[in-house]
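The following exercises ask the student to read a protein model step by step. Each task is followed by a worked solution.

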Amino acid sequence: MESMITKAVSLGMTHLCFTEHLDLDYPVREGESLDFNLATDQYRSEFLTLKEKYAKTPQLLWGVELGLQKHIFTELHNYVQNHPFDFIIASSHLCNGGDPYYPDFFEGRKEDDIYEEYFSSILENVKIFTDYDVYGHLDYIVRYGPNKDARYSYEKYRDIFDSLLKVIIEKGKGIELNTGGVKYGLKDLHPASSVLKRYKELGGEIITIGSDAHTPENLLHHFSRAKAVLEECGFQYYTIFKERKPEFIPL
Ligand SMILES: [Fe+2]
């Protein structure tokens with residue numbers, strides 16, 4: 001975290017929100033030792049130490065990215081209640097228990113069908129789960145599809161996108177514009193511009209910008225492109241969250 005902060009200082013950033021990743025009950029494969037549990041208390045105490053050390057700019061904010069799965073909603077609800085996060089991203093890293101990161105996830109199935117299943121699972125999530133501020137990288141699945149985002153756009157999944165964007169907006173939630181997809185060779189940011197445009201048309205206003213950086217080198221990566229895309233879609237503001245409340249900042 002400290003190297004992220006010093007990089008943010010050198011970039012002149014005014015705010016920096018950490019969103020460490022928690023995927024409870026991640027289906028670990030045999031022979032692998034992946035662990036997406038988060039040592040939250042340690043994360044909190046290290047954050048507070050650094051917040052004291054770097055008391056001026058950037059303003060440091062404490063967030064989390066929650067990997068959603070239907071059977072852990074209650075557990076996630078309790079987790080959120082017990083920690084004073086500034087900001088919570090809800091994400092789908094799994095699709096009905098499978099991880100699209102692995103090529104065998106796509107084996108023997110049509111890409112279009114899997115994408116549709118993924119977006120439908122997000123729709124099911126947002127109908128029920130409300131302990132979040134924005135939904136992250138809505139079309140994360142296209143990072144890993146055989147054709148990535150070459151044959152994908154909002155129009156192809158119009159009905160599902162309309163339904164899920166409407167639910168997100170009606171429930172007072174927002175979405176994330178994630179610039180991390182560029183390193184996967186995608187033509188668009190997450191979500192695709194066509195999805196962003198539709199979100200705006202439907203009345204969506206809450207949009208945060210995240211670099212999905214993972215390393216200091218990627219902080220603010222492609223943010224000028226994010227600004228241009230948002231302006232093109234008709235947005236005038238982006239959003240940050242403090243104590244789970246949105247603040248709107250001119251682009
Ligand atoms: Fe993520």
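**Exercise 1. Determine the order of the strands in the open sheet and identify its edge strands.**

Step 1. Six strands make up an open sheet, and their order is S1-S2-S3-S4-S5-S6, with parallel pairing. Strands (E, at least two residues) and helices (H or I, at least four) are DSSP runs, numbered from the N terminus. Two strands pair if DSSP finds at least two bridges between them.

Step 2. Strand S1 (15–22) and strand S6 (207–210) each pair on one side only, and these are the edge strands.

Step 3. Within the sheet, strand S2 (residues 59–67) pairs with strand S3 (residues 87–91) in the parallel sense over 5 bridges. Leu66 has Ala90 in S3 as its bridge partner.

A note on the source: this is a predicted model, in which local features need pLDDT of at least 70 and side-chain atom pairs count only at pLDDT 80 or more, while totals for chains, interfaces and linings use all residues. Residues are numbered from 1 along each chain as its sequence is written.

**Exercise 2. Establish which residues of helix H4 are buried and what they pack against.**

Step 1. Helix H4 (residues 111–128) has 18 residues and reaches 26 Å from its first C-alpha to its last, close to the expected 26 Å. The expected span is 1.5 Å times one less than the number of residues.

Step 2. A residue is buried if 20 or more other C-beta atoms, placed from the backbone, lie within 10 Å of its own, exposed if 12 or fewer, and partly exposed in between. By this criterion, the buried residues of H4 are Ile114, Tyr115, Tyr118, Phe119, Ser121, Ile122, Asn125 and Val126. They lie on the same side of H4, because they cover an arc of only 150 degrees around the axis. The arc is that of the directions from the helix axis to the C-beta atoms.

Step 3. An α-helix has 3.6 residues a turn, so residues three or four places apart point the same way.

Step 4. Asp113, Lys127 and Ile128 are exposed on the other side of H4. The buried residues of H4 pack against strand S4 (134–135) and helix H5 (158–170).

**Exercise 3. Is Asp41 buried or exposed?**

Step 1. Asp41 is located in helix H2 (residues 40–53).

Step 2. Asp41 is exposed, because 9 other C-beta atoms lie within 10 Å.

Step 3. Across the whole chain, buried residues make up 35% of the 251 residues.

Note on methods. Two residues are in contact if their C-beta atoms, placed from the backbone, lie within 7 Å.
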